[in-house]
Amino acid sequence: MQDKITQFDWAVIGAGPAGIAAVGKLIDNQVKPEKIAWFDPEFRVGDFGSKWRKVPSNTKVSLFNRFLTASDAFNYTNCPEKFALHNLNPDKTCELKFMADPLQWVTAQLQKQVHWQAGLVKHLKLNHKHWEISLADQKLSAKNVILATGAEPKTLSFPAVQTIPLEMAFDPDHLAQNCSKEDTVAVFGSSHSAILIIRNLLENCSLKKVINFYQSPLRYAVYMDDWILFDDTGLKGTTADWAREHIDGTLPPRLHRVLSSSENLQEYLPNCTKAVYAVGFQKRLISIEGFNDLSYDDKTGIIAPGLFGLGIAFPEGKIDRLGNLEYRVGLWKFMDYLTTAMPLWLKYPA
Ligand SMILES: Cc1cc2nc3c(=O)[nH]c(=O)nc-3n(C[C@H](O)[C@H](O)[C@H](O)COP(=O)(O)OP(=O)(O)OC[C@H]3O[C@@H](n4cnc5c(N)ncnc54)[C@H](O)[C@@H]3O)c2cc1C
């Protein structure tokens with residue numbers, strides 16, 4: 001006889017910042033916590049809490065504080081822990097670890113309320129208006145599913161050059177140990193990540209040279225009275241300050257910047273011993289029966305009836321007041337988006 005499959009009203013897949021926000025807001029919206037299932041292999045605040053801890057934030061401490069108190073279910077106003085975040089200047093940026101630690105505490109508060117299970121969801125299938133959720137050795141079902149599954153760094157393929165994975169390039173100690181005086185390191189990209197890594201390499205490593213292959217000029221966030229131009233794509237904080245001085249100002253002697261054209265690749269790449277690809281992120285895939293890809297409506301997060309996306313993999317697309325389309329990625333933005341998206345999700349079951 002087949003085992004009876006446990007049924008939930010909602011399943012949240014992923015326990016990074018987006019999954020945390022989704023679980024909190026479901027409870028705030030009167031979904032019974034015992035009717036929520038939550039899946040993640042580790043419950044360590046996703047990539048934010050495990051891979052990016054040493055990255056300086058591009059958002060201010062005040063926005064992290066706002067995230068932590070935006071859901072009653074987080075119970076953060078009663079948090080007895082004295083996290084270092086509480087003592088930081090709200091108007092400054094900080095290393096992401098300062099936010100990851102409070103988020104780990106919030107994760108534990110939510111785990112006390114909902115059904116959580118450590119594991120990777122392998123497959124989803126719609127079956128009689130319920131999503132069948134398959135893990136390695138178990139099946140559950142939920143009427144609605146939120147994918148908060150995060151994104152992977154994109155890479156380029158230049159096999160002759162040894163790749164430094166992005167998460168290691170963000171770690172100054174790792175770079176210092178793994179680069180030598182003989183190394184010329186290629187850094188691809190001109191985003192916040194690329195500039196951080198160039199800075200890490202130049203300030204922490206005794207290498208020969210850094211060659212930055214870029215495709216477009218640097219872009220800086222511009223703080224207007226009540227809005228920010230290039231809020232999601234522009235350089236911010238200490239990274240912007242450093243770039244203004246050292247990239248758009250005077251290039252450090254060991255930094256060479258070239259357009260990423262085929263001629264320049266042919267000329268400069270053979271001199272490089274290592275490469276870092278800071279060229280963006282792509283959503284993590286999950287197998288769903290009958291779906292070719294995971295395209296979604298970027299105004300609502302709807303993928304299909306009863307199936308929704310949130311977080312860096314499914315960001316909200318928003319037109320700024322000058323008509324530029326930007327994808328809103330960041331903790332506070334995920335939370336803010338839920339204010340409009342979740343009431344729609346609650347009315348859009350499978
Ligand atoms: C370098 C960098 C710096 C950033 N700096 C900031 C910043 O300063 N401020 C800010 O607000 N934002 C910042 N962000 C943006 C964003 O907040 C982070 O990318 C954040 O990690 C995204 O959260 P997420 O929950 O969408 O994804 P993740 O943190 O990646 O979490 C996704 C989780 O889902 C799990 N998962 C995936 N597939 C499955 C599956 N099939 N089954 C079960 N679990 C699964 C993963 O294991 C992971 O734990 C930064 C991003 C990067 C990359």
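The following questions and replies go through some of the contacts in this predicted model.

Me: How do you know where domain 1 and domain 2 lie along the chain?
Reply: The chain is divided into domain 1, which covers 6-152 + 282-345, and domain 2, which covers 155-277. These bounds come from an automatic or database domain assignment, and the C-alpha centres of domain 1 and domain 2 lie 29 Å apart.

Me: What makes residues of domain 1 count as being in contact with residues of domain 2?
Reply: Contact requires heavy atoms within 4.5 Å, and by that rule 17 residues of domain 1 are in contact with 19 residues of domain 2. The area buried between domain 1 and domain 2 is about 1600 Å², and carbon and sulfur atoms give 53% of that area.

Me: Why is the pair Lys333 and Asp232 called a salt bridge?
Reply: The rule asks for a side-chain nitrogen of Lys or Arg within 4 Å of a carboxyl oxygen of Asp or Glu. In Lys333 and Asp232 the closest N and O atoms are 2.9 Å apart, so the pair meets the rule. Across the interface of domain 1 and domain 2 the rule finds five salt bridges, and it also finds eight residue pairs in polar contact there. On the side of domain 1 that touches domain 2, strand S20 (residues 325-328) gives the most, with three residues. By class, that side of domain 1 has six nonpolar, four polar and seven charged residues.

Me: What makes Lys54 and Asp173 a pair that ties together separate parts of the sequence?
Reply: The side chains of Lys54 and Asp173 meet in a salt bridge at 3.4 Å, N to O, which is within the 4 Å that the rule allows. Lys54 lies in the loop between helix H2 (46-50) and helix H3 (61-68), whereas Asp173 lies in helix H6 (residues 172-178), so the pair ties together parts that are 119 residues apart in sequence. The structure holds 18 salt bridges.

Me: How do you know that Thr59 makes a polar contact with the ligand?
Reply: A polar contact needs a pair of N or O atoms within 3.5 Å. An N or O atom in the side chain of Thr59 is 2.8 Å from a nitrogen atom of the ligand, so the pair qualifies. A backbone N or O atom of Ile312 lies 2.9 Å from an oxygen atom of the ligand, and for Phe48 the corresponding distance from a backbone N or O atom to a ligand oxygen atom is 3.4 Å.

Note on methods: Residues numbered from 1 in each chain as written. Predicted model: local features only at pLDDT ≥ 70, side-chain atom pairs only at ≥ 80, totals over all residues. Heavy atoms only, no water. Buried area = accessible area lost by both parts, 1.4 Å probe. Polar contact = N/O pair within 3.5 Å; in protein donor to acceptor, adjacent residues only side chain to side chain. Helix = DSSP H or I, 4+ residues; strand = E, 2+ residues; numbered from the N terminus. Nonpolar A, V, L, I, M, F, W, Y, C, P; charged D, E, K, R; others polar.
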